[in-house]
Amino acid sequence: RMIEGKRVVLVDDSIVRGTTSQKIVQMVREAGAKEVHMRVASPPTRASCFYGVDTPERHKLLAARMDVQEMTKFIVADSLAFVSID
């Protein structure tokens, strides 16, 4: 009830493969949200890093193969934005 008919902004620390974001956006829509917008508190993950976060091969990284508009469609959000590197 708290979400039904509302515009929701989801904030996450990162999007790696996009599968978790896709599921969360879907759950919020199924709860009745009118709009779902995603904001990510880090720049897009475009390359693997083995010194911290264990990221998969480059071809599995969403941002390595899609631009922001394509990623928005993939996770089925109304909008998607990342923090800038600056």
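This report walks through the fold and the salt bridges of one chain, using a predicted model.

**The chain as a whole**

Let's start with the layout. The chain holds three helices and three strands, and reading along the sequence you meet them in the order β-α-β-α-α-β. The C-alpha trace spans about 40 × 25 × 25 Å along its principal axes.

How much of the chain is tucked away? Of the 86 residues, 33% are buried. On the outside, the chain exposes about 5,900 Å², and carbon and sulfur atoms supply 54% of that area. As for how the parts touch, take the contacts between residues at least 6 apart in sequence: 66% of them join residues at least 24 apart.

**Charges and their pairs**

The chain carries 13 positive and 11 negative charges, and the mean positions of the two sets are 3 Å apart. Side chains of opposite charge can pair when their charged atoms come close. With a cut-off of 4 Å between a side-chain nitrogen of Lys or Arg and a carboxyl oxygen of Asp or Glu, the count here is three salt bridges. Here they are with their N to O distances.

| Salt bridge | Closest N to O distance |
|---|---|
| R7 and E35 | 3.6 Å |
| D78 and R29 | 3.0 Å |
| E57 and K60 | 3.2 Å |

**Pair by pair**

R7 and E35 form a salt bridge that links distant parts of the chain, with their positions 28 residues apart in sequence. R7 belongs to strand β1 (residues 7–12), while E35 belongs to strand β2 (residues 35–40). R7 counts as exposed because its relative accessible area is 61%, and the cut-off for exposed is over 50%. E35, at 24% relative accessibility, is partly exposed.

The side chains of D78 and R29 also meet in a salt bridge, and where do these two residues sit? D78 is in the loop between α3 (68–75) and β3 (79–82), and R29 is in helix α1 (residues 19–30). That pair, too, links distant parts of the chain, with its residues 49 apart. D78 is partly exposed, with a relative accessible area of 40%, and R29 is partly exposed at 27%.

That leaves E57 and K60, whose closest N and O atoms are 3.2 Å apart. Are these two residues buried or partly exposed? E57 has a relative accessible area of 43%, so E57 is partly exposed. K60 has 38%, so K60 is partly exposed.

Methods. Residues are numbered from 1 along each chain as its sequence is written. This is a predicted model: local features need pLDDT of at least 70, side-chain atom pairs count only at pLDDT 80 or more; totals for chains, interfaces and linings use all residues. Side-chain values use heavy atoms; hydrogens and water are left out. Helices (H or I, at least four residues) and strands (E, at least two) are DSSP runs, numbered from the N terminus. Buried means under 20% relative accessible area, exposed over 50%, partly exposed in between (1.4 Å probe, protein chains only). Contact means heavy atoms within 4.5 Å. Accessible areas come from the Shrake-Rupley method with a 1.4 Å probe; for residues, only the protein chains shown count as cover. Lys and Arg count as positive and Asp and Glu as negative; His and the chain ends are not counted. The place of a charge is taken as NZ of Lys, CZ of Arg, CG of Asp or CD of Glu.
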